[in-house]
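I set out to record what can be looked up in this structure. The entries were kept in the order in which I consulted them.

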Amino acid sequence: MTEWYFYDVKSIYGRYFQPKAVFLMRAIGLYVRALSYLRPKIDTPRKVAMLYPELFKQLESVRWDMERDIPWDTFDAATLSDEQAATIKMNAITEWSALPATEMFLRDNRGDSDFSAFMSIWFFEEQKHSLVLMEYLRRFRPDLVPTEEELHNVRFEFDPAPPLETLMLHFCGEIRLNHWYRRASDWHTEPVIKAIYTKLSQDEARHGGAYLKYMKRAIQNVGLEAKIAFAKVGVLMASARRTTQALHPTNLHVNKSLFPNDTIQSRLPDPEWLERWLDTQISFDAVWETKVVERILHNLSLLMERIFPTVQDLNKYRKELTQAQLAASAAGAASMTA
Ligand SMILES: [Fe+2]
Ligand SMILES: [Fe+2]
């Protein structure tokens with residue numbers, strides 16, 4: 001006895017249908033297709049395609065090579081001070097904290113394999129940042145190369161956090177770091193490290209762009225909930241001028257049980273270095289802080305399709321979104337009891 005499979009259509013046609021019946025079925029098929037073209041298009045939300053394959057291609061095409069693309073042979077020892085060299089060590093350890101951050105991202109995004117796959121790129125590039133700074137120290141200031149223990153000290157468990165808020169937090173962190181490294185490149189006087197910080201700042205900007213794509217996807221997939229999370233963290237991150245604390249993921253508390261030693265910065269060999277680096281070394285002043293805030297607001301304006309000239313405008317929008325959410329849940333509760 002012959003077995004028939006659904007994909008073996010031609011043989012089924014040949015054996016079971018007479019030519020007239022085949023003609024009739026083809027006519028019905030054409031009619032159904034014509035109807036589907038005439039039917040009004042319904043605007044149903046569509047799941048957005050995975051971002052990882054395209055991001056991989058894009059980031060691979062601009063990736064720099066540590067040996068070939070860093071001008072190691074232009075090193076000028078006379079232009080590197082002890083003070084400058086010490087900050088490179090702190091930056092190298094801070095970059096190493098991509099390790100616990102990746103562990104957090106993978107744990108909190110178990111339901112999102114696309115984003116988790118992108119983490120492989122982000123983690124690789126951030127560890128490479130740490131490595132290139134350590135390579136610089138290994139070549140020119142070996143006494144300042146971080147020990148494995150110093151690196152391992154920034155690896156600790158972060159408390160679980162809402163993934164959308166964490167995404168926005170890291171988007172803002174990349175923007176901020178892009179600006180910090182641009183200033184660091186200006187402040188340094190030694191040519192090789194100036195070139196390294198420029199490379200790092202460009203990578204951080206690209207990371208911000210990648211996170212932005214995932215934020216856009218989140219709005220397409222979950223709408224209001226994502227907008228509220230992004231507006232909430234955006235208000236916090238764009239209000240840095242009014243706080244004394246540098247608002248970067250590495251400077252925020254992330255594990256209640258380890259408080260107060262639960263920021264990356266608090267676990268560095270010199271926990272006070274960040275404020276000193278920003279205030280008196282790279283001089284990250286109000287002008288630069290404004291650039292960061294403007295970039296955050298500009299990108300959120302594009303994302304939310306509404307202009308936010310100031311952080312107050314964003315905060316107003318955040319309140320509107322929260323009201324809309326409350327109204328929607330009240331309407332939902334009313335329909336349940338009706
Ligand atoms: Fe980095
Ligand atoms: Fe980055």
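The entries below concern a predicted model.

**Entry 1. Overall fold**

I began with the secondary structure and found 13 helices and zero strands in the chain. I then looked up burial and noted that 29% of the 338 residues count as buried. Turning to contacts between residues at least 6 apart in sequence, I recorded that 77% of them join residues at least 24 apart.

**Entry 2. Nonpolar cores**

I next asked which elements give two or more residues to the largest nonpolar core. That core has 33 residues, and Met168, Cys172, Met215, Phe230, Ile296 and Leu314 have the most contacts inside it. The contributing elements are α6 (113-140), α8, α9, α10, α12 and α13. I also found a second, separate core of 27 residues, which includes Ala98, Tyr136, Ile196 and Ile282. As background I noted that nonpolar side chains tend to be buried together in soluble globular proteins.

I followed Met168 further. Setting aside neighbours within four places in sequence, I listed its contacts as Met215, Ala229, Phe230, Val233 and Gly234.

**Entry 3. Helix α10 and Phe230**

I placed Phe230 in helix α10. Is Phe230 buried or exposed? I entered Phe230 as buried, because 27 other C-beta atoms lie within 10 Å and the cut-off for burial is 20 or more. Not counting residues up to four places away in sequence, Phe230 touches Met168, Met215, Leu300 and Leu303. I also looked up the pair Phe230 and Ile219: they are 11 residues apart in sequence, and their C-alpha atoms are 9.6 Å apart in space.

I then considered α10 as a whole. Its 14 residues should span 20 Å at 1.5 Å a residue, and the end C-alpha atoms are indeed 20 Å apart. The buried residues of α10 are Ala226, Lys227, Ala229, Phe230, Ala231, Val233, Gly234, Val235 and Met237. I noted that Lys227 is one of these buried residues. The partners against which the buried residues of α10 pack are α8 (163-187), α9 (191-222), α12 and α13.

**Entry 4. Helix α13**

I checked α13 in the same manner. This helix has 27 residues and reaches 39 Å from its first C-alpha to its last, close to the 39 Å expected at 1.5 Å a residue. I listed its buried residues as Val311, Leu314 and Tyr317. These pack against α10 and α12.

**Entry 5. Two helix pairs involving α9**

How do α6 and α9 lie relative to each other, roughly parallel or roughly antiparallel? I found that their axes come within 11 Å and cross at roughly 170°. Angles over 145 degrees count as roughly antiparallel, so I entered α6 and α9 as roughly antiparallel to each other. From α6 the contact involves Phe115, Phe118, Trp122, Glu125, His129, Val132, Leu133 and Tyr136. From α9 it involves Val192, Ile193, Ile196, Leu200, Asp203, His207, Ala210 and Tyr214. By class I recorded 12 nonpolar, two polar and two charged residues in the contact of α6 with α9.

For α9 and α10 I read an angle of about 140°, with the axes 6 Å apart. I therefore entered α9 and α10 as oblique to each other. Here Met215, Ala218, Ile219 and Val222 in α9 meet Glu225, Ala226, Lys227 and Phe230 in α10. The contact of α9 with α10 divides into six nonpolar, no polar and two charged residues.

**Entry 6. Backbone details in the loops**

Before examining the loops I noted that most residues other than glycine have a negative phi, and that most peptide bonds are trans.

I found a cis peptide bond from Phe259 to Pro260, with omega near 5°. Pro260 lies in the loop between α10 (224-237) and α11 (273-281).

I looked up Ser283 next and recorded a positive phi, near 50°. Ser283 lies in the loop between α11 and α12 (286-304). With 13 C-beta neighbours inside 10 Å, Ser283 counts as partly exposed.

I closed with Glu305, whose phi is also positive, near 55°. Glu305 lies in the loop between α12 and α13 (311-337). I entered Glu305 as exposed, because it has 7 C-beta neighbours inside 10 Å.

How values were computed: Residues are numbered from 1 along each chain as its sequence is written. Chains are lettered from A and ligands numbered from 1 in the order in which they are written. This is a predicted model: local features need pLDDT of at least 70, side-chain atom pairs count only at pLDDT 80 or more; totals for chains, interfaces and linings use all residues. Helices (H or I, at least four residues) and strands (E, at least two) are DSSP runs, numbered from the N terminus. A residue is buried if 20 or more other C-beta atoms lie within 10 Å of its own, exposed if 12 or fewer, and partly exposed in between; C-beta atoms are placed from the backbone. Two residues are in contact if their C-beta atoms, placed from the backbone, lie within 7 Å. The expected span of a helix is 1.5 Å times one less than its number of residues. A nonpolar core is a set of buried Ala, Val, Leu, Ile, Met, Phe, Trp, Tyr and Cys residues joined through C-beta atoms within 7 Å. Axes are lines fitted to C-alpha atoms, for helices over the stretch in contact, and angles run from 0 to 180 degrees between N-to-C directions. Angles under 35 degrees count as roughly parallel, over 145 as roughly antiparallel, 65 to 115 as roughly perpendicular and the rest as oblique. Ala, Val, Leu, Ile, Met, Phe, Trp, Tyr, Cys and Pro count as nonpolar, Asp, Glu, Lys and Arg as charged, and the others, Gly among them, as polar.
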